[in-house]
Amino acid sequence: MHSQPQVLESAAPAAADDDEISLLDVLIVLLKHKILILVAPSIVAVIAVAYALYLPPIFTATTRILPPQQSQSAASAMLSQLGGLAAAAGVGGSKANDTYLALLKSRTVADRLIQRFDLMTLWKSKYSSDAQKTLASISAIASAKDGTISIDVDNKDPKLAADIANAYVEELSRFMQTLALTEASQRRLFYEQQFAKAKDNLIRAELQARQGLTHNGVVKVDDQGRTLIESAARLRAQITVKEVQLGAMRSYAANGNPQLRMAQQELGVLRNELAKLEGSDKPRMDTPLKVGADGTDGSRGLANLGLLRELKYQETLYELLARQYEMAKIDEAKDAPLIQVIDKAIAPDKKSKPKRAQIVLLSAIAAFFVAIIAAFLKEGLERARTNPTHASRLNTLRQYLSWRR
């Protein structure tokens with residue numbers, strides 16, 4: 001009955017002896033190889049000091065901006081336009097700041113900065129891709145929880161670091177002006193393209209009318225004919241402008257949009273008016289109107305009349321599109337996203353890198369632990385050589401490690 005407690009009492013001191021012997025073995029190994037454990041970290045620390053002193057000082061310039069605060073739907077529309085650029089930057093569409101991060105990290109902005117500061121020559125880069133990688137390595141662009149974006153730039157020259165950080169904001173603003181990020185900018189871009197086409201068509205119509213009058217002679221048109229020409233040309237131009245407006249609206253509005261439906265109804269009314277003016281249910285754009293002419297061959301007069309009507313149509317269309325284009329530019333200026341600079345980057349007066357004390361301390365600590373591991377490995381190999389079984393295994397291991405077999 002009393003044998004079990006005695007066994008337990010005898011086992012407890014034995015376990016304590018084993019723990020005490022294990023601790024003593026550890027201390028013996030550490031003291032046995034104390035030269036390795038103490039000298040190795042000292043040598044590494046000296047090398048780390050020399051390396052840290054060799055490293056040039058690096059200065060970090062920081063600028064903080066507050067991007068335009070937009071709704072989630074607007075941000076999603078912007079991301080859909082960016083396409084692969086947003087996907088490359090990991091944009092998910094939930095935060096508007098992600099869009100501006102993608103723009104700041106884009107290749108377009110990087111190329112403009114490289115060209116602006118001639119970084120390929122400064123960094124002696126043979127290829128632009130190498131300069132882009134170097135620029136990305138010295139730039140840290142991140143969004144904070146408070147909605148701001150910080151741009152950190154590292155460089156040996158503190159002034160150049162500040163200039164590049166501020167240039168990021170300037171190039172972002174320039175880049176955003178070329179992108180249709182809002183509905184107003186989409187309308188402006190659409191009308192800009194149509195206005196350029198109308199300008200070319202007007203020049204072509206003027207040239208054709210001049211050539212026609214030179215070849216066929218001058219046609220005298222009475223007041224009624226002139227009124228019909230101007231009315232038909234204005235209606236045709238209004239129809240074309242309304243079609244252009246519908247095309248611009250379809251780029252950002254759904255089919256059920258009330259404004260889109262209203263524009264479609266207005267287009268139908270204009271077409272009906274033109275059809276009544278030309279004396280038919282459907283508009284006939286190419287049929288010349290019957291107006292009086294004096295002293296001129298009828299066929300030539302009608303040909304010139306068609307050229308004059310086309311010229312009047314192009315002039316009216318040009319004027320109407322010019323108004324729409326100017327209105328679109330004004331709307332875009334009102335809705336233009338404004339980037340606010342909270343902290344402009346200035347040339348830092350203190351270096352940020354390298355942290356020499358930290359380099360030396362971490363190197364010494366790492367060398368210390370490596371030396372301890374090496375001491376135990378060395379001790380384990382020595383004990384394995386004294387053990388016959390382990391010695392034969394070591395010889396077998398050496399044979400397999402050897403390249404000569």
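**Exercise 1. How do the axes of α6 and α9 cross, and within what distance do they come?**

Solution. The model is a predicted one. In it, the axes of α6 and α9 come within 10 Å and cross at roughly 130°. Angles of 65 to 115 degrees count as roughly perpendicular and those over 145 as roughly antiparallel; the crossing therefore makes α6 oblique to α9. Its hand is right-handed. On the α6 side, the residues that meet α9 are Thr 108, Val 109, Arg 112, Leu 113, Arg 116 and Phe 117. Their partners in α9 include Leu 160, Ile 164, Ala 167, Tyr 168 and Phe 175.

**Exercise 2. Classify the crossing of α5 and α9, and list the residues that meet there.**

Solution. The axes of α5 and α9 come within 10 Å, and the crossing angle is roughly 105°. An angle of 65 to 115 degrees counts as roughly perpendicular, so α5 and α9 are roughly perpendicular to each other. From α5, the residues involved are Tyr 100, Leu 103 and Leu 104. From α9, they are Tyr 168, Leu 172, Phe 175 and Met 176. Tyr 168 and Phe 175 are also among the α9 residues in the meeting with α6.

**Exercise 3. Find the buried residues of α6 and state where they lie around the helix.**

Solution. Helix α6 spans residues 107-117, and its buried residues are Val 109, Ala 110, Leu 113 and Ile 114. Viewed down the axis of α6, these buried residues fall within an arc of 135°, so they line one face of the helix. The sequence spacing can be read with a general rule: an α-helix has 3.6 residues a turn, so residues three or four places apart point the same way. The face turned away from the buried side carries exposed Arg 107 and Gln 115. The buried residues pack against α5 (97-104), α7 (119-122), α8 (128-138) and α9 (158-177). After α6 comes Asp 118, with a positive phi near 55°.

**Exercise 4. Repeat the analysis for α8.**

Solution. Ala 131, Leu 135 and Ile 138 are buried in α8. Down the axis of α8, the buried residues fall within an arc of 70°, so one face of the helix is lined by them. Exposed Lys 133, Ala 136 and Ser 137 sit on the face turned away from the buried side. Packing partners of the buried residues are α6, α7, β2 (139-143), β3 (149-155) and α9.

**Exercise 5. Are Gln 194 and Leu 311 buried or exposed, and what do they touch?**

Solution. Gln 194 lies in helix α10 (residues 183-216). The cut-off for buried is under 20% relative accessible area; at 18% relative accessibility, Gln 194 therefore counts as buried. Setting aside residues up to four places away in sequence, Gln 194 touches Val 244 and Leu 321.

Leu 311 belongs to helix α13 (residues 298-335). Its relative accessibility is 15%, so Leu 311 counts as buried. Beyond neighbours within four places in sequence, Leu 311 is in contact with Leu 202, Ala 205, Glu 206 and Ala 209. Leu 311 and Leu 202 are separated by 109 residues in sequence, with a C-alpha to C-alpha distance of 6.9 Å.

**Exercise 6. Give the totals for the protein: helices, strands, buried fraction and accessible surface.**

Solution. The protein has 15 helices and four strands. Of its 405 residues, 33% count as buried. The accessible surface comes to about 25,500 Å², and carbon and sulfur atoms hold 57% of that. Among contacts with a separation of 6 or more, 75% join residues 24 or more positions apart.

Technical notes: Residues numbered from 1 in each chain as written. Predicted model: local features only at pLDDT ≥ 70, side-chain atom pairs only at ≥ 80, totals over all residues. Heavy atoms only, no water. Helix = DSSP H or I, 4+ residues; strand = E, 2+ residues; numbered from the N terminus. Buried < 20%, exposed > 50% of the residue type's maximum accessible area, 1.4 Å probe, protein only. Contact = heavy atoms within 4.5 Å. Areas by Shrake-Rupley, 256 points an atom, 1.4 Å probe, with all protein chains shown as cover. Arc of directions from axis to C-beta. Axes fitted to C-alpha atoms, helices over the stretch in contact; angles between N-to-C directions. Parallel < 35°, antiparallel > 145°, perpendicular 65-115°, else oblique. Left-handed = near helix turned anticlockwise from the far one by under 90°.
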